[in-house]
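Subject: Structure handover

Dear colleague,

Here is the structure I said I would pass on. Please look it over first; my notes on what was found follow below.

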Amino acid sequence: GNQVLKEYNLVVCGNGEAQELVSKHNPNTVVLPQVGIDTVHFQARPVKRDTSVAYVGRATQEKGVDKLLIAWPTARVLAWQDYLQLPWWYSMCAVVVNYSQDVPQWREQAMPYTSMEAICCGAFSIVSDAGSIPYWHTKFAGENPGSEIVSQGSIVELKQTIEAWLKHPEPREKAVKLGREWVEEHLSSHRIAKRLVDALQKM
């Protein structure tokens, strides 16, 4: 496997940890998500933001839904939705929580698309520090102002963080606006495509 890595002109890595491992065998690496965020599709829809806290996605153990419901029992669990409907769901929410958990059989390795999509639709995003989530929210291009990372081991911290952002709508809305601008600048489909082209041209 290591010998094969040395033969590639460019290795596209899904997160910083992967890049660190691959770089030991091939320095020609770049970190990029599989695809960027379609910021034209993911933008706020003209609906009432009447859901305080929600989770959107697969309701499985590793996604931490059970822990979210302990921290915030009234959180809505919106099972995985059709791609075309997702912006409407996000636009109903003030805060979207993605409290992923590292478990023996699974770790979050890809960019946390749900949180980035939610931010683009006007919802503040609270995420855990599981897997590669911190990389995409803080290290890839600096801190995303539309989100906050909490420890996956502290339901109390999760509850307090939700409370803090719900209590202050004006700072929350400002943070989300800046967060959307951050996604547009660093993780939009156009930006990711350009970064890939730039990396290929340097080969």
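Which elements each supply at least two residues of the lining of the largest pocket? They are strand β3, residues 51-57, and helix α5, residues 113-120. Please keep in mind throughout that this is a predicted model.

Pockets

To stay with the largest pocket: the space in it comes to about 320 Å³. Its lining is made up of 20 residues, and those nearest the centre are K63, W80, E108, Y113 and T114. Helix α5 contributes the most to this lining, namely four residues. By residue class, the lining of the largest pocket consists of nine nonpolar, seven polar and four charged residues.

The second largest pocket has about 210 Å³ of volume. It is lined by 13 residues, with N15, G16, E17, G131 and S132 closest to its centre. Two helices, α2 (16-23) and α6 (133-139), each provide at least two residues of this lining. The largest share is that of α2, with four residues. Sorted by class, the lining of the second largest pocket has four nonpolar, five polar and four charged residues.

Cysteines

How many disulfides does a search of the whole structure find? The number is zero. For C93, the nearest cysteine sulfur belongs to C121 and is 9.6 Å away. A disulfide would need the two sulfur atoms within 2.5 Å, so this pair does not qualify. C121 is likewise in no disulfide; its own nearest cysteine sulfur is that of C120, at 6.6 Å. C93 is buried, since its relative accessible area is 0%. C121 is also classed as buried, because its relative accessibility is 0%.

Individual residues

Three further residues are worth a look in the viewer.

N26 sits in the loop that runs between α2 and β2, the latter covering residues 29-31. Is N26 buried or exposed? It counts as buried, because its relative accessibility is 2% and the cut-off for buried is under 20%. A polar atom of the N26 side chain lies 2.8 Å from the backbone oxygen of Y8. Y8 also appears among the residues that N26 touches, together with L5, K6 and V11, when residues up to four places away in sequence are not counted.

H41 belongs to the loop between β2 and β3. With a relative accessible area of 13%, H41 is buried. Apart from neighbours within four places in sequence, H41 has contacts with Y83, L84 and P87.

I192 is part of helix α9, which spans residues 189-201. It counts as buried, at 6% relative accessibility. Which residues does I192 touch, not counting those up to four places away in sequence? They are L32, P33, G36, H186 and L187. As for E62, it is 130 residues from I192 along the chain, and the C-alpha atoms of the two are 28 Å apart.

To recap the pockets, the largest takes in about 320 Å³ and the second largest about 210 Å³.

Regards

Terms used: Residues numbered from 1 in each chain as written. Predicted model: local features only at pLDDT ≥ 70, side-chain atom pairs only at ≥ 80, totals over all residues. Heavy atoms only, no water. Buried < 20%, exposed > 50% of the residue type's maximum accessible area, 1.4 Å probe, protein only. 1 Å grid on protein atoms, 1.4 Å probe; cavity = no way out; pocket = protein on both sides within 12 Å on 5 of 7 lines; lining within 4 Å. Points joined across faces, edges and corners; volume = space filled by probe spheres on them. Nonpolar A, V, L, I, M, F, W, Y, C, P; charged D, E, K, R; others polar. Polar contact = N/O pair within 3.5 Å; in protein donor to acceptor, adjacent residues only side chain to side chain. Contact = heavy atoms within 4.5 Å.
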